[in-house]
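I open this notebook to record what I looked up in one protein structure. The entries go from the whole chain to single residues.

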Amino acid sequence: MPEPIENLRYSNQQDRLIIKAKVVNSFRKYEQKTGDNEAGGILLGNVYKNHTEITTITTPGRLDKFGKLFFIRSKKGAQPRINRAWKKSYGTLIYLGEWHTHSEANLTPSSEDKIMIKKGLEETIMEIDFLYLIIVGQNETYWVGKQTKEGLIELKSQDSSAWTTPLNPDIWPIYWAD
Ligand SMILES: [Zn+2]
């Protein structure tokens, strides 16, 4: 029997990221076994005053292109999902980045991955000035990074006892330009 899934926590000095259990569960289903194609999609969630939560992901769609060593998420396929989530949540559930699977044991973003997420941040019109990149490895291993203007920083897995500052339940005030 698989272990019950819990929320995952990732952090560096300034950032705290929670990946909700429901999302971890989906990641498990798409783990890439040797010989499988890569899978992936987008990350959706909420930005709070002192942390971020990834609450929903999209899974591969028919417009995506994928092979054993690449996953190219279709813009056309994802945009309606992003818009719908945003509307339904009154503007709180937003696009937070990208995820895809790797099958190698040494989990690290490829040079294409680094270009993709950097370009994503530069080219997407957004209210946030960062994006997350999650690479899903085999056997519940993950590489989690945050792309900002300064670059892509890896976040480290942490257990809840390491987080002494309580989570602030207030949504970050995001101002939307019409
Ligand atoms: Zn990759």
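The entries below follow the order in which I consulted the structure.

**Entry 1. Overall form**

I note at the outset that the model is predicted. I looked up the secondary structure of the protein chain and found three helices and ten strands. Read along the sequence, these elements follow the pattern β-β-α-β-β-β-β-α-β-α-β-β-β.

I then turned to dimensions. The C-alpha trace spans about 45 × 40 × 35 Å along its principal axes. The radius of gyration of the chain is 16 Å, and this agrees with the value near 16 Å that a compact globule of 178 residues would have. Buried residues make up 28% of the 178 residues. Of the contacts with a separation of 6 or more, 64% are between residues 24 or more positions apart.

**Entry 2. The barrel**

I asked in what order the strands of the barrel close. Eight strands form it, in the order β1-β2-β4-β3-β7-β8-β9-β10, and their pairing is mixed. Neighbouring strands of this sheet are turned by 30° against each other on average, with direction ignored.

I checked one parallel pair. Strands β2 and β4 pair in the parallel sense over three bridges. Here Ile19 stands opposite Ile54 of β4.

I next checked the antiparallel pairs at the end of the barrel order. Strand β8 (residues 131–136) pairs with strand β9 (residues 142–148) in the antiparallel sense, over six bridges. Ile135 has Trp143 of β9 as its bridge partner. Strand β9 also runs antiparallel to strand β10 (residues 151–158), to which five bridges join it. In this pair Gly145 stands opposite Glu154 of β10. A hairpin of two residues connects β9 to β10.

**Entry 3. The hairpin of β8 and β9**

I looked at the connection between β8 and β9 and found a hairpin with five residues between the strands. Two residues of the loop drew my attention, Asn139 and Glu140.

Asn139 has a positive phi of about 55° although it is not a glycine. Glu140 likewise has a positive phi of about 55° without being a glycine. I then asked how each is placed with respect to its surroundings. Asn139 counts as exposed because 7 other C-beta atoms lie within 10 Å, where the limit for an exposed residue is 12 or fewer. Glu140 has 14 C-beta neighbours inside 10 Å and therefore counts as partly exposed.

**Entry 4. The nonpolar core**

I looked up the largest nonpolar core and found that it has 26 residues. Those with the most contacts inside it are Leu17, Leu43, Leu44, Leu96, Tyr132 and Ile134. Two or more residues come from each of β1 (8–11), β2 (16–19), α1 (21–30), β3 (40–47), β4 (52–57), β7 (94–101) and β8. Which element gives the largest share of this core? It is β8, with six residues. I add a general remark: in soluble globular proteins, nonpolar side chains tend to be buried together.

I followed Leu17 further. Leaving aside its neighbours within four places in sequence, Leu17 is in contact with Tyr10, Ser11, His51, Thr52, Tyr132, Val144 and Leu155.

**Entry 5. Helix α1**

I looked up where α1 sits. Helix α1 lies across β1, β2, β4, β7 and β8, and it runs at about 50° to β4. Phe27 lies in this helix.

I asked whether Phe27 is buried or exposed. Phe27 is buried, because 21 other C-beta atoms lie within 10 Å and the limit for a buried residue is 20 or more. I also took one distance from Phe27: Lys87 is 60 residues away in sequence and 25 Å away in space, C-alpha to C-alpha.

**Entry 6. Helix α2**

I looked up the length of helix α2 (residues 75–88). At 1.5 Å a residue, its 14 residues should span 20 Å, and the end C-alpha atoms are 20 Å apart, which agrees.

How many of the 14 residues of α2 are buried? The number is one, so the helix lies largely in the open. Just after α2, I noted that Tyr90 takes a positive phi of about 55°.

Terms used
Residues numbered from 1 in each chain as written. Predicted model: local features only at pLDDT ≥ 70, side-chain atom pairs only at ≥ 80, totals over all residues. Pairing = 2+ DSSP bridges. Helix = DSSP H or I, 4+ residues; strand = E, 2+ residues; numbered from the N terminus. Core = buried A, V, L, I, M, F, W, Y, C linked by C-beta atoms within 7 Å. Contact = placed C-beta atoms within 7 Å. Rg over C-alpha atoms; globule rule 2.2 N^0.38 Å. Axes fitted to C-alpha atoms, helices over the stretch in contact; angles between N-to-C directions. Expected span 1.5 Å × (residues − 1).
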